[in-house]
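Student: Can we go through this one together? I'd like to start with the surface and then look inside.
Tutor: Sure, ask away.
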Amino acid sequence: MSPLIVGLVLLAALLHAGWNAMAKSGGTPQYSIASYRLVNAVWCLPLLFLFPLPLAASWPMLLASTIIHTAYYYTLSKSYRSGDLSQVYPLFRGLAPVLVVLGAALLASEYLPMGAMLGIGLVSAGLISITFAGGALGKIPGPALRWGLATSALIAAYTVADGMGVRAAGNPFSYILWLFIFEPIPIGLWLLATDRTGWFGYMRAKPGKIAAGALAAATAYAMVIYAMSVAPMAMVSSLRETSVIFAALIGTLMFREPFGRQRIIAAILVCLGVVLIKVLS
């Protein structure tokens, strides 16, 4: 992976941690997520005229990703409602890269050198270890653990779908734009049917937060999708999930959460993994 791609994905990780913290802090993650996606779609509409349609081969992956993302937003909201951010976020973000390795190999015949595999393993081990800090894994409520594991599987599924789709699209920006157009449709229709008053009230009350979160979310995932068009999916996924470390730093700096010895150990493991991914792959 080139230094530029590595830098883009790490910046995406920082932005991803930021918008997830905003979604969790509001107490209504389903409103936050739907609002971010709706704003992103509105921003993307004028840009559709600047790029060609994605090639036909990418449309099945585009539609599959939309469906998987919808399920992911549901399980993500359930995870945040069922457990603490410091418990569930490292769990599903740490497990996802390992699942992406398997999915990319089975579905895209993408096999990685041993150095990259070792680096991904270190990153995942470091991230998941945060969940074990102070015996926290045993303290996770059953529903939070189940929703977290489901979320990790869906993260891996949409990552592989988008990695395959963007490579078949002909133009990565065309794929990104159409994905962002489609994403808010299912979750938006669901909220319109079940909780229109609450959702509209949230959007009226927090326009600044929504705009900031939408910009962070769109920029973060657009960078990731572009990176997967030129680099192995599992390596991009692993670098992206360093957002867990950024989330821990945000929690320490903004919410006065202790960083702690376990998070320091996790950060060291993640850094070693990133170095291996960059140097040995």
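Student: Which helix gives the largest share of the nonpolar patch?
Tutor: Helix H2, residues 29–44, with three residues. Keep in mind that this is a predicted model.
Student: Which residues make the patch?
Tutor: Leu 38, Val 42, Trp 43 and Leu 215. Together they make a nonpolar surface patch of about 360 Å².
Student: Take Val 42. Why does it count as partly exposed?
Tutor: Because its relative accessibility is 48%, and partly exposed runs from 20% to 50%. Val 42 sits in helix H2.
Student: New topic: pockets. What volume does the largest pocket have?
Tutor: About 310 Å³. H2, helix H8 (172–182) and helix H11 (207–230) each give two or more residues to its lining.
Student: Which of those gives the most?
Tutor: H11, with six residues.
Student: And which residues lie nearest the pocket's centre?
Tutor: Phe 173, Ile 176, Ala 218, Thr 219 and Ala 222, out of 16 lining residues.
Student: How many of the lining residues are nonpolar, polar or charged?
Tutor: 14 are nonpolar, two are polar and none are charged.
Student: What about cavities? How many are there of 30 Å³ or more?
Tutor: Two. The second largest has a volume of about 70 Å³.
Student: What lines that second largest one, by class?
Tutor: Six nonpolar, two polar and four charged residues. The lining includes Arg 37, Arg 93, Glu 183 and Arg 240.
Student: Which helix gives the most there?
Tutor: H3, with three residues.

Technical notes:
Residues numbered from 1 in each chain as written. Predicted model: local features only at pLDDT ≥ 70, side-chain atom pairs only at ≥ 80, totals over all residues. Heavy atoms only, no water. Patch = residues over 30% accessible without salt bridge, like charges linked within 9 Å, V, L, I, M, F, W, Y side chains within 5 Å. Areas by Shrake-Rupley, 256 points an atom, 1.4 Å probe, with all protein chains shown as cover. Salt bridge = Lys/Arg side-chain N within 4 Å of Asp/Glu carboxyl O. Helix = DSSP H or I, 4+ residues; strand = E, 2+ residues; numbered from the N terminus. Buried < 20%, exposed > 50% of the residue type's maximum accessible area, 1.4 Å probe, protein only. 1 Å grid on protein atoms, 1.4 Å probe; cavity = no way out; pocket = protein on both sides within 12 Å on 5 of 7 lines; lining within 4 Å. Points joined across faces, edges and corners; volume = space filled by probe spheres on them. Nonpolar A, V, L, I, M, F, W, Y, C, P; charged D, E, K, R; others polar.
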